[in-house]
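Reader: I should like to learn how to read the features of a protein model. May we go through them one at a time?

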Amino acid sequence: MKNIKLTKTKFVWALLGSIAFVACSYDYGLPQDKNDDQANASEDIVVPANMKFVHPGLLHSKEDFDRMKTNVANNVDPWLAGYNKMISNSHASATYVMKGPVATLIRGGGSKEEPASDNYSTAMNDAHAAYLTAIRWKITGDVAYANKSIQILNAWAATCTRISGDSNKALGAGIYGYQFANAAEIMRDYSGWNVADLAKFKKWMLDVFYPVNYDFLQTHYNTCSSHYWANWDLCNLASIMSIAVLNDDVAKYTYVINYLMKGAGNGQLIKAINYVHPKGANDDIDLGQIQEAGRDQGHALMVVGLLGTIAQMADTQGLDIYGYKDNLILKGAEYEAKFNYARLAVPFNKYTNCDNITHTTAADDAARGQIRPAWERIYNYYTVKKGIKARYVKMAKDLAYPEGGSGEYDPNSGGYDDLGFGTLLYSR
C-alpha cells in the first residue's frame, strides 16, 4: 500500500467524515452494495401512526382460512392435496407429544456463555406442532386440535423463562419467536383459550423473546454492521413483527418496517438482496443477488423463506413489502431458484463484508438444490395474484408439490426454519 501524507487540516476533516459515517450508519445504515436506482428513498414504506391491526393478522388472515376451509370441504385441489400433505405430518396430530417445554431454551450451548447443551429442538418441534394443530382446527372446527395447540402454548409460557447460548441464541429467539407467535395469533379467537392464559402468553413473548431480538438488532453483539448474515437479522425482524401484531404494538411494528428500509445490518432489504442483475435472454425478470448466495445455498434459501414470511405477514396488515423496489423479493427468489433448481449459472457481483470476507461467485455447495418449503407463498403472490411470470420460482414450487414442511425435507434445524405447507396455505 502506498504511503499517504495528510496535512493536519485534511486529517481532521477525514476523521470527522469517518465519525459522521459511523454515527449515521449505526441506527439506520446506508446501502453498501446496491444499484443506483435503489438509492431512491421515496419508495420507503411507512407505518401509519394510527395503525389498527387486523386479527388474525400474521401469515394468514380470516379470508385465507375461509378459502382453505371451503376448498378442503369441497375436495378441491390444490388445497385438498396440500391439506392431506399437512395432516400426514405428525406435528399436525391431536395426539402429538410435546418435546418441551424447558425452563431455559438453549441455542449455542456447550459454549463459554452457556456450558449446558443445546435443547432448542424442543421449541422447534413444539412451535411447529402448535402452528399446525391451530391450522387444522381452523379448517375442521375440531376442538381437539385447538386444545392441543393451546396446551403447547400454555406449557411454554408457564415454564420457559429465558433464552441462552452464545451468539446463536439470537437465532433461537428469532426463528422460534416468530413461529410461536404465529400459532398464538391463529388461536387468539378460540373461546376455549382462557383470557388470562392468552394474556400470559403474550407477555411471555414480550419478556423472553423480544429482548433478545431487539438487543441483537441494535448491537449485533458489538461486531461491525455486516458481520452477521442476512438470515440473522431477518429472523429477529420476523419475531418482533409477529410479537408486535400479537400485542397490538404499533411502535414495535414500526421499528421492524423502519429497519427493513434503513437498518444497519443485512436485514435491510437492499442489503439482503444487494445487487440486481439485468435479466438474461432466457429469464422472465431481473435477478436479485442474495447476500448469502456466495456463502452457501442452504442459508441463501433460508433468506428467501424469511423474506417471504416477512412480506406475507406485512401484506396481511396492508403493507406492500412484496412490491418494494419493483418486486425486489421476487427477483431474489428467482435468482436462487434459477441456480438451485434449474441448475443454471447466475451472474455474481463481488461481495465483501465488513470483516473483509469476499465472495466472487454463487456457492456451488452440497446444499444446492435442497428443498425448502418457501416457494408456494412467493409463487402465489407474485404469479397468481399479481400476474408476474417467474419461470424459476414456478419450477421450484412444482418440484415440491404438494409442499410439505416440519422436518420432512431435513430432520435437523434447517427443516424447521420455515413453517411450510404452502400448497394448502397460500394457493389462490
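Author: The turns below take up helix faces, helix packing, salt bridges, a buried acid and unusual backbone geometry.
This is a predicted model, in which local features need pLDDT of at least 70 and side-chain atom pairs count only at pLDDT 80 or more, while totals for chains, interfaces and linings use all residues. Residues are numbered from 1 along each chain as its sequence is written, and side-chain values use heavy atoms, with hydrogens and water left out.

Reader: Which residues of helix H14 are buried?

Author: An α-helix has 3.6 residues a turn, so residues three or four places apart point the same way. Helices (H or I, at least four residues) and strands (E, at least two) are DSSP runs, numbered from the N terminus. Buried means under 20% relative accessible area, exposed over 50%, and partly exposed in between (1.4 Å probe, protein chains only). In H14, residues 391–399, the buried residues are Tyr-392, Val-393, Ala-396 and Lys-397. These four lie on the same side of H14, because they cover an arc of only 145 degrees around the axis; the arc is that of the directions from the helix axis to the C-beta atoms.

Reader: Against which helices do the buried residues of H14 pack?

Author: Their partners are helix H12 (324–340) and helix H13 (375–385). Contact means heavy atoms within 4.5 Å.

Reader: How do the axes of H6 and H8 cross?

Author: Axes are lines fitted to C-alpha atoms, for helices over the stretch in contact, and angles run from 0 to 180 degrees between N-to-C directions. The axes of H6 and H8 (residues 230–246) come within 8 Å, crossing at roughly 30 degrees. H6 is therefore roughly parallel to H8; angles under 35 degrees count as roughly parallel, over 145 as roughly antiparallel, 65 to 115 as roughly perpendicular and the rest as oblique. Residues of H6 including Gly-174, Gly-177 and Tyr-178 take part in the contact with H8, where the residues involved include Trp-232 and Ser-239.

Reader: How many salt bridges does a search of the whole structure find?

Author: A salt bridge is a side-chain nitrogen of Lys or Arg within 4 Å of a carboxyl oxygen of Asp or Glu. The search finds 19. One of them joins the side chains of Lys-138 and Asp-189 (2.9 Å, N to O). Lys-138 lies in helix H4 (residues 121–140) and Asp-189 in the loop between H6 (169–187) and H7 (195–219), so this pair ties together parts that are 51 residues apart in sequence. Lys-138 is buried, at 17% relative accessible area, whereas Asp-189 is partly exposed, at 46%. A network of salt bridges links Glu-185, Arg-188 and Asp-248.

Reader: Is Glu-292 buried or exposed?

Author: Glu-292 counts as buried, with 0% relative accessibility. Its place is the loop between strand S4 (287–290) and helix H11 (297–316). Beyond its neighbours within four places in sequence, Glu-292 has contacts that include Trp-229, Asn-231 and His-299.

Reader: Where is the backbone unusual?

Author: Two cases concern the peptide bond before a proline. The bond from His-55 to Pro-56 is cis, with omega near -10 degrees, and Pro-56 sits in the loop between helix H1 (8–27) and helix H2 (62–73). Asp-77 and Pro-78 are also joined by a cis peptide bond, with omega about 10 degrees. A further case is Asn-327, which is not a glycine but has a positive phi of about 65 degrees; Asn-327 belongs to helix H12.
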